[in-house]
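Open the structure in your viewer and keep the selection tool ready. We will move from the whole chain to single side chains.

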Amino acid sequence: MSFKLNIITLGLLAATSGVSAADFSVHKANLQGLKLDAYQCKSCIGEKHYQGELQLSAGWAENDDIHAGNAFGDASDGLRAAMDADVRYRNAGYEANVQAYQLGLENSYAHLDAGRSGQYALNLDYQLLTRYDSRAQTQLWHNNGLLLPDTATRDVDLQLEREKVGLGLAAQYGVMQAFINYDHEQKTGNRRSSLVTPRPVNFALPVDANTENLNAGL
């Protein structure tokens, strides 16, 4: 192993050779002349600590194209209100976090987790996703799996909405760890479909599906 020492390093080694090292211990500090009564710790964190941001927004919207909702998070007309949040809480080992994005619109999510480090944790999730296609007119109506003709022309919004709720719990006791996670998703709306009888006919196909997932482990 090779070492490279410059002139300054050699000079410091020579100056300190044979001299005992200085003692920088806290109990050796010179406190004379300090005004301790006026001291304030601006960076200290107390037993309870809140930190984060909360934002509320409101507005009015009108649109002639439902597809615009993909860019603005909502295709409805009229008054809109939404909330964004990013908040954290700490208290003697306990902690909680809350996050939300555009909560109140048709494309939004919210997340909550809370617990105590090394003991347990709980989390809750909510998500709403909406995909807008277009507004369509049809004289065919889908009813209990059958396509029925109608004398009147109907306006239908072609859009799919996915709403998902999840819940999770984890616990630890010594070397043992256990968890359980559950989520439920519901998909509703109308999508494009067609058939040939004998010429192509387009219609809106209703969508109503539910999906559940459960995971657990030890």
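How many helices and strands make up the secondary structure of the protein? Switch to the cartoon view and count. There are two helices and eight strands. Now trace the chain along its sequence. The pattern reads α-β-α-β-β-β-β-β-β-β.

**Colour by confidence**

Remember that this is a predicted model. Colour the protein by pLDDT. The average is 82, and 78% of the residues score at least 70. Where is confidence lowest, and where is it highest? Select helix 1, residues 7-16, for the lowest mean, 55. Then select strand 4, residues 108-116, for the highest, 94.

**Show the surface**

Turn on the surface of the whole protein. The accessible area comes to about 16,900 Å². Carbon and sulfur atoms account for 55% of that surface. Of the 218 residues, 17% count as buried. Contacts are worth a look too. Take those between residues at least 6 apart in sequence: 48% of them join residues at least 24 apart.

**Salt bridges**

Hide the surface and show side chains. The structure holds four salt bridges. We will visit some of them.

Select D133 and R192. They form a salt bridge, with the closest N and O atoms 2.5 Å apart. D133 sits in strand 5 (residues 120-143) and R192 in strand 7 (residues 176-196), so the pair ties together parts 59 residues apart in sequence. Is R192 buried or exposed? R192 counts as exposed, at 53% relative accessibility. D133, at 28%, is partly exposed.

Next, select D157 and R135. Here the closest N and O atoms of the salt bridge are 3.1 Å apart. D157 belongs to strand 6 (residues 146-173) and R135 to strand 5, so this pair ties together parts that are 22 residues apart in sequence. Both ends are partly exposed: D157 has a relative accessibility of 31%, and R135 has 44%.

Now go to R88 and D86. Their side chains meet in a salt bridge at 3.3 Å, N to O. R88 is partly exposed, at 27% relative accessibility. D86 is partly exposed as well, with 31%.

**A buried glutamine**

Select Q159. You will find Q159 in strand 6. Why does Q159 count as buried? Its relative accessible area is 19%, and buried means under 20%. Now show what surrounds Q159. Leave out neighbours within four places in sequence. The contacts of Q159 are then I66, T130, R131, Y132, D133, T188, G189 and N190. You have already met D133, as the salt-bridge partner of R192.

**Aromatic rings**

How many aromatic pairs does a search of the whole structure find? It finds two. Select Y50 and Y89 to see one of them. Two values describe such a pair: the distance of the centres and the angle of the planes. For Y50 and Y89, the centres are 4.8 Å apart and the planes make an angle of 40°, a tilted pair. Y50 lies in strand 1 (residues 48-61) and Y89 in strand 2 (residues 78-91). The pair links distant parts of the chain, 39 residues apart.

Finish with the exposure of these two rings' residues. Y50 counts as exposed, at 59% relative accessibility. Y89 is partly exposed, with a relative accessible area of 22%.

Notes: Residues numbered from 1 in each chain as written. Predicted model: local features only at pLDDT ≥ 70, side-chain atom pairs only at ≥ 80, totals over all residues. Heavy atoms only, no water. Buried < 20%, exposed > 50% of the residue type's maximum accessible area, 1.4 Å probe, protein only. Helix = DSSP H or I, 4+ residues; strand = E, 2+ residues; numbered from the N terminus. Contact = heavy atoms within 4.5 Å. Phe/Tyr/Trp six-rings, centres within 6.5 Å; stacked < 30°, edge-to-face > 60°. pLDDT = per-residue confidence, 0-100. Areas by Shrake-Rupley, 256 points an atom, 1.4 Å probe, with all protein chains shown as cover.
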